[in-house]
Amino acid sequence: MDEKLYLIKEGEISLKGGNRPLFEKRLRGNIKDKLGAFHPRIEKQKGRFYLRLDGDADDMIVGKALSTTFGITGFARAYELEKDPEVLDERVARLLPCSSFAEGGGTFKVDARREDKSFGMSSYEISCRLAGIVHEMYPEMTVDLKNPDHVLHVEVRKKIFIYTSDNKGPGGLPVQSAGRGMLLLSGGIDSPVAAFHMAKRGMKLDCIYFHAYPYTSELALEKVKKLASLIAPYLGGTRLYVVPFTDGQLKIRKEAFEDETTLMFRAAMMRTAEEIARKRNAGAIVTGEALSQVASQTLEAMSFTDSMTDLLVLRPLVGMDKEEIIDTAKRIGTYETSILPYEDCCVIFSPKHPVTHPVKDVSRRHYESLGMEDEIKKAVENTTVFYFNPMGEEEAINTP
């Protein structure tokens with residue numbers, strides 16, 4: 001059967017020392033998890049992975065898989081040749097009409113790299129030779145070595161590899177190389193972006209959503225499920241835990257001081273998230289909070305909610321402004337879903353004048369006086385779990 005070849009460039013992994021093989025093994029596994037249907041075979045050479053797939057592999061699916069896999073800085077559909085200058089000439093002449101060069105006009109560059117110094121031509125000689133072919137086929141094109149419109153890449157290793165499209169990967173470290181966390185996923189803009197940033201540092205994430213039906217609608221739940229499906233490719237797949245929290249929130253609204261209701265909601269959510277996190281062997285809770293963005297995200301408020309769990313609480317957006325967060329949301333494709341007008345439970349139950357600078361010890365006493373343990377236990381027991389695979393598709397859960 002014919003096969004397709006993709007050249008993959010690794011980034012930060014290459015800086016690792018003795019544990020580098022562990023990161024590379026994880027990256028291989030993450031790629032195979034996404035592209036298993038095409039029987040992936042992965043080879044490693046200096047600074048490169050070579051991914052071979054069945055010939056019927058869909059380029060769009062492969063592109064989505066690789067562009068959302070952390071640990072990859074770039075990738076390209078490539079072609080492998082014998083180390084013969086005449087074979088190289090012939091294959092380049094066939095490749096150019098099927099690439100962006102076929103558009104004609106503009107500028108170009110031949111980027112030749114010779115890892116195998118025994119090859120009879122230098123990088124400069126390869127570049128000049130192939131530039132001649134480009135000029136012959138597209139005489140209107142001119143050379144620009146700094147900012148070309150089109151680039152022909154040639155790498156001489158055990159064999160010769162050529163490619164023209166060089167797609168950008170997300171960089172970072174492979175997911176599952178830095179522990180496991182539990183994300184508080186709301187229907188807003190921030191939490192999916194927080195997931196993206198933590199996954200980029202190698203953390204494996206599951207998600208928790210607190211659903212207060214009928215105060216939050218089924219459309220709000222569908223919105224959150226859509227967000228989970230959109231971030232799942234970056235997370236290498238994820239579970240979404242939908243926690244029914246209506247009774248707990250009604251109890252808080254009835255018994256807590258009005259200006260502390262949001263604060264008490266957050267405290268109960270932290271306790272609930274910790275219960276589920278421990279079942280998943282997660283070592284951290286991740287939130288989309290940014291300092292002073294809303295009343296519950298002041299220094300004092302965050303210090304209080306942190307005190308409600310023994311787990312590490314990570315806030316990757318804490319120093320970012322809203323425009324930075326929105327830019328990332330647009331780039332990863334979650335923004336349009338996040339702004340759909342279906343509010344989460346925190347917004348619906350928010351008081352008119354929330355406390356912004358709580359005293360930690362006082363607020364802790366107020367929370368403990370509410371006696372939320374039974375509501376939290378019941379909510380955890382009645383939690384519904386959805387699974388989204390590494391390509392973002394919903395699947396049945398086969399494991400506990």
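This report looks at some salt bridges and at one buried strand residue in a predicted model.

## Salt bridges

The count of salt bridges in the model comes to 31, and three of the pairs are set out in the table below, each with the distance between its closest nitrogen and oxygen atoms.

| Pair | N to O distance |
|---|---|
| Aspartate 59 and lysine 4 | 3.2 Å |
| Lysine 251 and glutamate 255 | 3.1 Å |
| Arginine 315 and glutamate 289 | 2.6 Å |

The salt bridge between aspartate 59 and lysine 4, with its closest N and O atoms 3.2 Å apart, links distant parts of the chain, since aspartate 59 lies in helix α2 (residues 59–67) while lysine 4 lies in strand β1 (residues 3–10), 55 residues apart. The two partners are also placed in unlike surroundings: aspartate 59 has 41% relative accessibility and therefore counts as partly exposed, whereas lysine 4, at 14%, counts as buried.

The pair formed by lysine 251 and glutamate 255 belongs to a single helix, α7 (residues 246–255), and because these residues are 4 places apart in that helix, about one helical turn separates them. Lysine 251 counts as buried, with a relative accessibility of 17%, and glutamate 255 counts as partly exposed, with a value of 43%.

Arginine 315 and glutamate 289, whose side chains meet at 2.6 Å, N to O, again join distant parts of the chain, although here both residues are in loops: arginine 315 is in the one between β14 (312–314) and α10 (322–332), and glutamate 289 is in the one between β13 (284–286) and α9 (299–306), 26 residues apart. Both ends of this salt bridge count as buried, because buried means under 20% relative accessible area, and the values are 14% for arginine 315 and 2% for glutamate 289. Elsewhere, salt bridges with shared partners join Glu3, Arg41, Glu43, Arg52, Asp54 and Glu80 into one network.

## Valine 242 and its contacts

Is valine 242, a residue of strand β12 (residues 238–244), buried or exposed? Its relative accessibility is 7%, so valine 242 counts as buried.

Which residues does valine 242 touch, if its neighbours within four places in sequence are left aside? The contacts of valine 242 are Tyr209, His211, Leu221, Thr383, Thr384 and Phe386. One of these partners shows how sequence and space can be read side by side, for valine 242 and phenylalanine 386 are 144 residues apart in sequence, while their C-alpha atoms are 7.9 Å apart in space.

Definitions and conventions: Residues numbered from 1 in each chain as written. Predicted model: local features only at pLDDT ≥ 70, side-chain atom pairs only at ≥ 80, totals over all residues. Heavy atoms only, no water. Salt bridge = Lys/Arg side-chain N within 4 Å of Asp/Glu carboxyl O. Helix = DSSP H or I, 4+ residues; strand = E, 2+ residues; numbered from the N terminus. Buried < 20%, exposed > 50% of the residue type's maximum accessible area, 1.4 Å probe, protein only. Contact = heavy atoms within 4.5 Å.
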